[in-house]
Each structure stands twice: as C-alpha cells, then as structure tokens.
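Work through the following exercises with the structure open beside you, and try each task before reading its solution.

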Number of protein chains: 2
Amino acid sequence: MTSTADIIRDIGEGSIRAIARALSRVENGSPDSADILDVLFGKQQGFTLGITGPPGAGKSTLVNRMITRYRTTDNSVGVIAVDPSSPFTGGALLGDRIRMQSHASDPKVFIRSMGSRGHLGGLSGATRDASCVLSAAGYSPVIIETVGVGQAEVEIADLAHITLLVLVPGLGDDVQSMKAGIMEIGDIIVLNKADRNGIDQLESYVKASLEFMPADLKKPEVIRISAVSGEGLEDLWGAIDRLVAAQTGEEKTARSAVKTLNGILTENGIIISEKLLEIEYNGRKAAEELILAGQLSPYAIGKKLLERAEGMFKHNGSK
Amino acid sequence: MTSTADIIRDIGEGSIRAIARALSRVENGSPDSADILDVLFGKQQGFTLGITGPPGAGKSTLVNRMITRYRTTDNSVGVIAVDPSSPFTGGALLGDRIRMQSHASDPKVFIRSMGSRGHLGGLSGATRDASCVLSAAGYSPVIIETVGVGQAEVEIADLAHITLLVLVPGLGDDVQSMKAGIMEIGDIIVLNKADRNGIDQLESYVKASLEFMPADLKKPEVIRISAVSGEGLEDLWGAIDRLVAAQTGEEKTARSAVKTLNGILTENGIIISEKLLEIEYNGRKAAEELILAGQLSPYAIGKKLLERAEGMFKHNGSK
C-alpha cells in the first residue's frame, strides 16, 4: 500500500492518481484517513460552491455551464456529485459521468460521485472530507451538487462557502412548504427555466417568502436563468464573483473549521458509543436481546451508557 | 410542571393535552424525555407508514386520502409531517394544517409538524421519538410524511414499518439518478397522477430499474394511482393491508428496537464528544481557537479525543 506521506507528496505534485487514492481512503475511513486529512486541511485553497434543489430543477445542466465558465479562466474544477443512492446498495452512480460527459476528457476537471457507504459521517461527512482533498489539491471551485431539499442537503449546503438553491416553476405545493426556512440555505436563489410558464409566479412567491426571513439574516439574491439557453448566466457569474470577493480568507477558514470539527465530533461519538455498549452490555447484540426480551428499552440503555461515561469523566477529568 | 408519571398516566387515558405535552418534551430534549420514552416504548402498538418522494409528487393529497380511509374503520390516525425547514429558523410550518385541514377538526386525527430544532438527533431522531409517543397513545397508523429523496429521507423512511415512495411523471433527469438505489426505500412505489402524460414511460422506467435490484432484496410493488380522482386507491390500500398482515409483531418490534438504539447511541455520542472536548481542550471555543491559529487541524483534535476516550475505557473496562 502506498504510504500516507507518498500520497500527500504526490497530491502536492498534482498526481490525479494520488488524489483518487486519497479520496478512496477517506471515503472508506481507512486507518490513515485522519492523518491524510490532518495534513491536507491546512493546504485548502480556493472556494467551494454548493448547488442544491429539488429533482428536475436542472442542476446538472447548470453545473456543466459552470465548469465551462471556470475552465475558460484555466481554473481546475472539482465536482462532487452527491447522489441519493440508498444505504442498501450504496452503488456508485453513473449519472454524473453521463450528465457531465462533455468535460470527462478534460484532465483539469475532476468529477467524483459520493455515496454514503463506508463513511461514519454519512454523506455530509464523506462530502466534507472529499472537498478537503480536492481543495487541497488545488481545485477551485470545488462544486458540490446535491439533489434534494431535506436535512442532509441543508448540512451539505452549509459546508460550502457559497450556496445556490435552484428552483423551477411547476414544483407544486411543496414549494410552499419550503417557505419557513429552506430558502435561507441559498446565498443565491436561482430560478431556472426562465422561459417556462409560471416563472413570474414563482419569482413573486419566492420574493414574498423572503420577506418573512428574520431581519438579522442576509436575504439571498434571486436570479433568473435558463441553464439550457444560457440566458441570465452572466448575471449569475457576477453575483457569485461578488460573494467570493466579499468573503475574507479568515472568515472562510473559520466557518470551515467549525463545521469540520462538528462533523468529526459526531463521528467520534458513534465510535465511543459502540465501545461503551461493549463495556456495559457486552456489545450491541446482547443489548438488542435485552430489548427484545422486554427487559430494557433502548431509551433506558442510552441513559445508562451516558451515566457510565459521565462516571468515567469524573475519574479522568484532570489532565 | 406536570410530572412525568402524570403525563404517562394521562396519555394512557387518551388525553390530547398530555400527548402534546409529551411531544414537546421529547422534541426539546427535556431532562425527563428519556424517562417518558422509556415507558412509552413498550406500549407502542399498531404500525407506522412512511411516505416519501420529491416535491410536487402529491404526497399530501395522498395522506389526506389515507386519513379518510383509516377513519372509516374508526382508527385514530397520527400524522407526522417532516418539513424541510432550515436549521436557521427552525420555524414550525403551517403547511400541514393548510393541506390537511379537512381533518383538522377530527379529534381522532393528530397532526404534528416536525422541525429539527432542539433535538440532538436531528429530524430523524425527533421523528422517531414523536412516532413512539403517538404509537403508544394508540394512533394507528402513524403516518410519517417527508419531502425529499436524500439521505435524511432514507433514514426516516427506514424508521417506518411500511414505506411508500411516491413518484410522478415529469421529474426530469433526476429520476434516472435514483436508479441505483433510492427506489429500494419503498415497499410500494406509488406512481401518482396516473392521468398525466409520461405515466407509461415512468412505469417502464421504474420497472426496468427494479430489474437491477440485488436478488436478495424484495422488489417493491408498483401501483398507479391518482390521489386527486381516487383512481387506483383501492389497489393501494389492498397492497398496504397485505404488507401489514405479512409483518409479524416480533419482526416489527425487533426492527424498531435496533433503529431506535442506533439513533440514541449517535445522540449520546454527541454529548460525550462535547464533554471530551471540555476535558482535553477546555471546551469547544478553545479548540476552535487552536484550529484558527493554525496549531491543530480538526482532524488532529478528533484523533486526540478518540485516543483519550480509549485510554479511559482501558482503565474502566471492568464492571
């Protein structure tokens, strides 16, 4: 197996193979993944751009346009396509390759499909670590595309420096249910398929909803585009550039650090809980049997484990 | 404050107020929530029905139909509407009340909107606990409706005894990206808006995709309906009834116990990680400052905390 130090050196030299290798190791939670990420964390540069929205909003077409745009300025572009593949198969999807095939032969475009399989932190943990690798390898922007409007998408969007929420006319009643909050995910709300019926109505609706945002939050810009025809894209690029320019390096680093720490703490917690279960109940299997026999509820077990951990902390609280 | 014992007694007597009170306490992670849930866990009865699908698929209309159906057999019906509200406002949505208002005055229908605010386990933890409360209070089915096709929706769907994935024609390319796995979420795949153009194509597509499912997984039934006109609903009810009848009580209990335990372990882990951060780095704030000063990466901190925990376990491993 290639050593950790070799991988890190080769990434520094721009080796695509080393990048792919590092991505596989962090996705699978290999033993040296924390060491790889520890070194790469401080080497991150450039910015990350999150793109989220419901199915059918035209996100992939927009990402294609975006790759073309950044390639004209000779940036290397990374794309992490977060796919809603199920936990049961965890199969990697070919969708990204099919949808972005016009860039598949460009060596300065690196496209990676993410599934949740193998990573303790689920999709958002896997995306965070992959983004760290690509950003440290010099890709900028790293575009994170995720399908959906749920909790996981909020977490993933929250990871990026700048986030676009893409909406289209014709989503039905559910757009209304987004009112109370989901729109606040986006730094920019992109209304795609501007040539479609219902676009005026959607824009009025979105703008009216933004009126309900808490006064202390910055209202997102709303920009109409047609990713297919190219209409409005110059406006969108301008808005993104202004946001990139407005964020200081320190601000970006601080946000990224806090989010990364939170994610890692959660993942650690899962490992620690499993060990406590081992100590207190001889492991998960035995604990499950107690529950099924009706002797203990999962809630009682949880409470007991927490008490046990607190006891240990009392005895070991001093350094 | 009403005592834990009083709340549990009053829930047993069917008090709506006690149910609402218990729901608030578990959602907000109040100190007695583990005790409330510990008692209610074993009192759960009936079944839970998850309904998921992309925005615009007509899930709310279907839930309305479903409530009507179960009310004709005099069941009490619980509905948990999981809303994609953002973590920034956490505002409760009125959407459920608007969309299901035809049942709002029925005392045997309990509708609760869920946001992630306050619950350590996020939306899936909050939904799990609310479902435990409603199921112990005698609601059956407890219908869990969630918008989306992402990771969070998979987790929530996985919580229910029986899950419906609702799709409609016209979702665009993203339906293709669901191919590798998302369809396996559903015990039944409901093709809604059967009168719309593209329904034949969608059905062919879905059925072709199911051919790629691993042979050891049970293929979901595919049923066409129109939630608006009522077409196909009898078929759907029949399919649900067959699935309910096929699940043994033990099987349901076992699945629910394992999932509940997993969720609680994760939530415990977050609490424990915070405490370790306190012991090792004098808390989160100080740790963040070390990161921002470039002295340590979040990954290095995570590794150190894990080592610290392992040290404690070694010293305290015996009971």
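**Exercise 1: The edge of a sheet**

In chain B of this predicted model, strand β6 (residues 188-191) and β7(B) run parallel and are joined by four bridges. Find the residue of β7(B) that is the bridge partner of B:Val190, and then place the two strands in their sheet.

*Solution.* Begin with the pair itself: B:Val190 has B:Ile223 as its bridge partner in β7(B). Next, widen the view to the open sheet of chain B, in which seven strands with parallel pairing follow the order β3-β2-β4-β1-β5-β6-β7. The two ends of this order are the edge strands β3 (109-114) and β7 (221-224) of chain B, each of which pairs on one side only. From one strand to the next, the twist averages 20°. Finally, look for the helix on the sheet: helix α10 (residues 233-246) of chain B packs there and touches β5 (162-167), β6 and β7 of chain B, while its direction makes about 155° with that of β7(B).

**Exercise 2: A strand with two neighbours**

Which strands of chain A pair with β2(A), and are the residues on its two faces buried or exposed?

*Solution.* Take the pairing with strand β3 (residues 109-114) of chain A, which runs parallel to β2(A) and is joined to it by six bridges; here A:Val79 is partnered by A:Ile111. Then turn to strand β4 (residues 142-147) of chain A, which pairs with β2(A) in the parallel sense over five bridges, with A:Val82 standing opposite A:Thr146. For the faces, recall that in a regular strand the side chains alternate between the two faces of the sheet. On one side of β2(A) lie A:Val77, A:Val79 and A:Ala81, on the other A:Gly78, A:Ile80 and A:Val82, and all of them are buried. Strand β2 (residues 77-82) of chain A is thus mostly covered, with six of its six residues buried.

**Exercise 3: Two helices that cross**

Describe how helix α1 (residues 4-12) of chain B and helix α2 (residues 16-27) of chain B are placed relative to each other, and explain why they are called oblique.

*Solution.* First, note that the two axes come within 8 Å and cross at roughly 130°. An angle that is neither under 35 nor over 145 degrees, nor from 65 to 115, counts as oblique, and therefore α1(B) and α2(B) are oblique to each other. The crossing of α1(B) past α2(B) is left-handed. Last, list the residues that meet: B:Ile7, B:Asp10 and B:Ile11 come from α1(B), and B:Ala18, B:Ile19, B:Arg21 and B:Ala22 from α2(B). Sorted by class, this contact has five nonpolar, two charged and no polar residues.

Technical notes: Residues are numbered from 1 along each chain as its sequence is written. Chains are lettered from A and ligands numbered from 1 in the order in which they are written. This is a predicted model: local features need pLDDT of at least 70, side-chain atom pairs count only at pLDDT 80 or more; totals for chains, interfaces and linings use all residues. Axes are lines fitted to C-alpha atoms, for helices over the stretch in contact, and angles run from 0 to 180 degrees between N-to-C directions. A crossing is left-handed if the near helix is turned anticlockwise from the far one by less than a right angle, and right-handed if clockwise. Two residues are in contact if their C-beta atoms, placed from the backbone, lie within 7 Å. Ala, Val, Leu, Ile, Met, Phe, Trp, Tyr, Cys and Pro count as nonpolar, Asp, Glu, Lys and Arg as charged, and the others, Gly among them, as polar. A residue is buried if 20 or more other C-beta atoms lie within 10 Å of its own, exposed if 12 or fewer, and partly exposed in between; C-beta atoms are placed from the backbone. Two strands pair if DSSP finds at least two bridges between them.
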